[in-house]
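Hi,

Here is the structure I promised to pass on. Have a look at it first, and my notes follow below.

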Amino acid sequence: MAQKKPDLSIEFCGKKYINPFLLSSSPVSNSAEMVERAFDAGWGGVVFKTLGSDRLRIDHPSPRMNSMTVGTRKMSTVQNVEQITDRPLKDNLMELLYLKKHYPDRRIIHSIMGFADKEWEYLAKMSEDHGADTLELNFSCPNMTIEGSGDQAGKSFYDIEHYTSIVKRAVSIPVMAKMTPNITDMTETAMAAKNGGADAISAINTVSGITGINLDTLVPQPEVFGRGASSGTSGPGVKPIGLRFISDMAKDANLNLPLSGMGGIETWIDALEYLLVGASTLQVTTGIMHYGYIIVQDMIEGLTDYMASKGIMKLDNLIGSTLPKLGKTDLFDLDRQGVVEYDLDKCVGCGQCLNVCTDAGGQALKWDDVTRRPELNEDKCLSCMLCSFVCPVSGLIKYKAMPEGWKRNETAIRDPSLEKELKYEPYVHDGDDGCLV
Amino acid sequence: MGISDVKDRFKQMPPGMNMDQAIVEAERCLLCHDAPCSKACPAGTEPGEFIRKLRLRNITGAIRTIKSNNILGGACGVLCPTAELCERECSAMMASDENPGGSDKAIRIGDIQRFLVEHSREIDFQPVEVEESGVSGKIAVVGSGPAGLSCAAEVSKLGYKATIFEALAEPGGVLRYGVVPFRCDTDFVEKEIADVTALGVEIKCNSPIEGKAAAEDLLKQGYDAVFMAPGLWGAYALQDDSANIDGCYSSVDFLASIRNENFDNIISDFKGKTVAVIGGGSVAMDCVEAAARLDTTDVNLIYRRSYTQMPAEEIERIEALQHGINFYILHQPTEFLKDGNKLTGLKLVRTKLGEPDESGRRRPLLIEGTEWDMPADIVIEAIGNKAVDDSSDWYPNVKVDGKKLIVAESETGATSVPGIFAGGDIVRGPALVVEAVQDGKVAAKAIHEYLSDKE
């Protein structure tokens, strides 16, 4: 008998999703024609490109994006200067009706952005009246050219709470607030949204950044007719920031809201990591910009096979599983130490380990010029692991925990004879000098 | 097909890498400590260094590394048997104790090298400059092949005035007259030479230094030192009168004619003919590839040992096979067949391999009773170059060996006559371009020391 397949469906804000994978509100969710293709590829839902009221005209800068290549890795981060939709609200609502009608099993989330109280209220109602399953309030676009909007609102506790409460009073569907990472502590901005009545938080919007400068014109890219700006940066390079903010919010017992995670997701592994730190739906743009909607199939297949291999049949059982093991650095057991170990049968003799150990590690390696193999002095190994990062052979260099009580040598002093020139006196802590510990 | 169509097939070498491809390769590089590729380059071109520079987008620096170490770095990138040199040592092949053969391809070092040099021309970057050293002195260089160009460039960088005397109408030596243009085209060769003349080197063409003691006389004519690099322009032949047979060419004459005024005659002579090329080295491969482009009917390669023993690079052998050359391996030609003085074919005997000879390769042994006649309208003998017969008369006091190769110290290029240095094929016998470049570098350093000591 065939084994039962793991179930990727999930409930989020009281709505059932066939899988946790959503298009985020962005250029990849700009029209019904696009979203239709995404749904056909297997995406569980969409956060449609942010709706506006048509009161203020939206023009996108041109060119709209820049990509940062790292080595041969194209689009390791992408910087865009797009704003919210430039399409008329009427057109967008027709598009959303089309999707609602033809894809009843997919969840349609309307992203909205107002520039005044009444506008937020109006857009929320329009969305509810046109079948939105949920609302996402865009408090986080860093590219808006309209004063006080986008992430300018998202950096104001007052604005977040105020606009959220206006929307909540206007509609009965769930409301999710999308947060900017261009702040210090997202639990505080998220709490402002919760105080305004938000039912969920989505994060992160793009990180404000500069991916490159044109070295001839000296203008930051994307170069918009002679001008550049720090603007929305996304892609694999921002994943650590996204995971950090999602986990911060997931661990905050006072916040205690469902989370929709995004930032650099392009493989099932990225997706799984977001689930493990507490996200229960996942949103993607840059991965689609690079590879197309098809990537959802690899995320579904990879995640399903992972769950099957671990005997996890429900997605719910994964969410937040990493959080008990995630804490502050002061909880580390610093009495336990380790070193690297080398499986030299696999070594190809490049010596990159030697370079990094010598210039950035513990000078723990010697090199045999003839055999072209490193020789490790464990006593000097810092377990920085740099050698394992540059080694071209996976699995050749591994971490090895040393027995309790093992200590490495202290770094050698270059010239011990200088001791006679020392004017050193040890620091004495008298218990009353404002020291923390 | 007209003559100009045939000529078009010879004009250009295939395009090289572009920046994207070069970067993909540089990203694959393992950036080895004490880079084995660098150690394997006979001329110290430092691939480990220029690939690291490319990887870190220090592209002008990468070009500078190549060209300051090897003024003919572009030509070497094109012509070097890299699979036998730098690329053979490449760690990116991922050879380990567990997997001694490796499982991946070497970094395409030669292609990267060619790309960087071509890129320097695209961005009009001149990487090598003359040093302000305060030295003075005149150096005569005999021969504008790789060794001569390299030596002239190196002494010029030090501040000396170098003059190259070239016997032929255009400079370049084997780069121009010994290699087919579809392997290293004229435009490319001329740009490499331009990098040498940009350093102030003067090249006098149609200026043979031959005749009684002509080379030694240069010292009396005000030159402070002489570097002899005339190359090997004589040809070994199956029999002494080969050159007189109608339809018999030496590889030296055949390849040179592709770049000179005889080319039109060659084109009409070869059309519709059956050609047999004797030999198994890179020169033989150039000859068969060239013959195949001349609207010939059949091109047969005759080699007395086995396929794997051919000195030609594997890639050259494969390309020749792919281009429809018929390989007659394990065949020894014993006699030219003639009608009057007109060549009609070759008498061939099949061979088998016996014990290894002094080259370490198994010796071909004739199999009795296996003679047969191969019809051929044209035979090209590509069985090796040698010194021009009277070359030792040009430098009667310089010690030469039995093959009329100049005896020179390997660390300095110094000959038995003070002030006369030598390098390249005239010292080594048939050798690689990159080795000739190294000889030029070594001699330039020794000439500088010689002249410094003299003061």
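**The barrel in chain A**

In chain A, strand β3 (residues 21-23) runs parallel to strand β14 (residues 281-284), and three bridges pair them. Leu23(A) sits opposite Val284(A) of β14(A). Before going further, keep in mind that this is a predicted model.

That pair belongs to a bigger arrangement: eight strands of chain A close into a barrel, in the order β3-β4-β7-β8-β9-β10-β13-β14, with parallel pairing. On average, neighbouring strands in this sheet are turned by 25° against each other, if you ignore direction. Helix α3 (residues 117-129) of chain A packs on the sheet and touches β4 (45-51), β7 (107-112) and β8 (134-138) of the same chain. The direction of α3 makes about 165° with that of β7(A).

**An enclosed helix**

Next, take a look at helix α8 (residues 268-276) of chain A. It is largely enclosed by the rest of the structure, because eight of its nine residues are buried. Which residues of α8(A) are the buried ones? They are Trp268(A), Asp270(A), Ala271(A), Leu272(A), Glu273(A), Tyr274(A), Leu275(A) and Leu276(A), so you'll find Asp and Glu in that list as well as nonpolar residues. The cover over these buried residues includes α7 (239-251), β13 (259-262), β14 and α10 (295-310) of chain A. Just past the end of α8(A), Gly278(A) has a positive phi of about 120°.

**A hairpin and the loop after it**

Further along chain A, strand β16 (residues 365-368) pairs with β17(A) in the antiparallel sense, over four bridges. Lys366(A) stands opposite Glu375(A) of β17(A). The two strands make a hairpin with four residues between them, and Arg372(A) in the turn takes a positive phi of about 55°.

The loop between β17 (373-376) and α12 (386-390) of chain A holds Asp379(A). Is Asp379(A) buried or exposed? Neither, quite: it counts as partly exposed because 13 other C-beta atoms lie within 10 Å. Setting aside neighbours within four places in sequence, Asp379(A) is in contact with Arg408(A) and Asn409(A). Asn409(A) is 30 residues away along the chain, yet the C-alpha atoms of Asp379(A) and Asn409(A) are separated by 5.4 Å.

**Chain B and the cores**

Chain B has 17 helices and 16 strands. Its radius of gyration is 23 Å, which agrees with the value near 23 Å for a compact globule of 455 residues. Along the principal axes, the C-alpha atoms of chain B fill a box of roughly 70 × 60 × 50 Å. Of the 455 residues in chain B, 49% are buried. For contacts in chain B with a separation of 6 or more, 71% come from residues 24 or more positions apart.

Nonpolar side chains tend to be buried together in soluble globular proteins. Here the largest nonpolar core has 155 residues, and the members touching the most others are Phe227(B), Met228(B), Val277(B), Cys287(B) and Phe421(B). Helix α17 (residues 433-454) of chain B gives the most to this core, with nine residues. Another core, of 83 residues, lies apart from it, and includes Leu22(A), Trp43(A), Leu99(A) and Ile295(A).

To pick one residue out, Val277(B) touches, beyond four places in sequence, Ala284(B), Cys287(B), Val288(B), Ala291(B), Val299(B), Leu301(B), Ile302(B), Ile380(B) and Ala382(B).

Cheers

Technical notes
Residues are numbered from 1 along each chain as its sequence is written. Chains are lettered from A and ligands numbered from 1 in the order in which they are written. This is a predicted model: local features need pLDDT of at least 70, side-chain atom pairs count only at pLDDT 80 or more; totals for chains, interfaces and linings use all residues. A nonpolar core is a set of buried Ala, Val, Leu, Ile, Met, Phe, Trp, Tyr and Cys residues joined through C-beta atoms within 7 Å. A residue is buried if 20 or more other C-beta atoms lie within 10 Å of its own, exposed if 12 or fewer, and partly exposed in between; C-beta atoms are placed from the backbone. Two residues are in contact if their C-beta atoms, placed from the backbone, lie within 7 Å. Two strands pair if DSSP finds at least two bridges between them. Axes are lines fitted to C-alpha atoms, for helices over the stretch in contact, and angles run from 0 to 180 degrees between N-to-C directions. The radius of gyration is taken over C-alpha atoms; the globule rule is 2.2 Å times the number of residues to the power 0.38.
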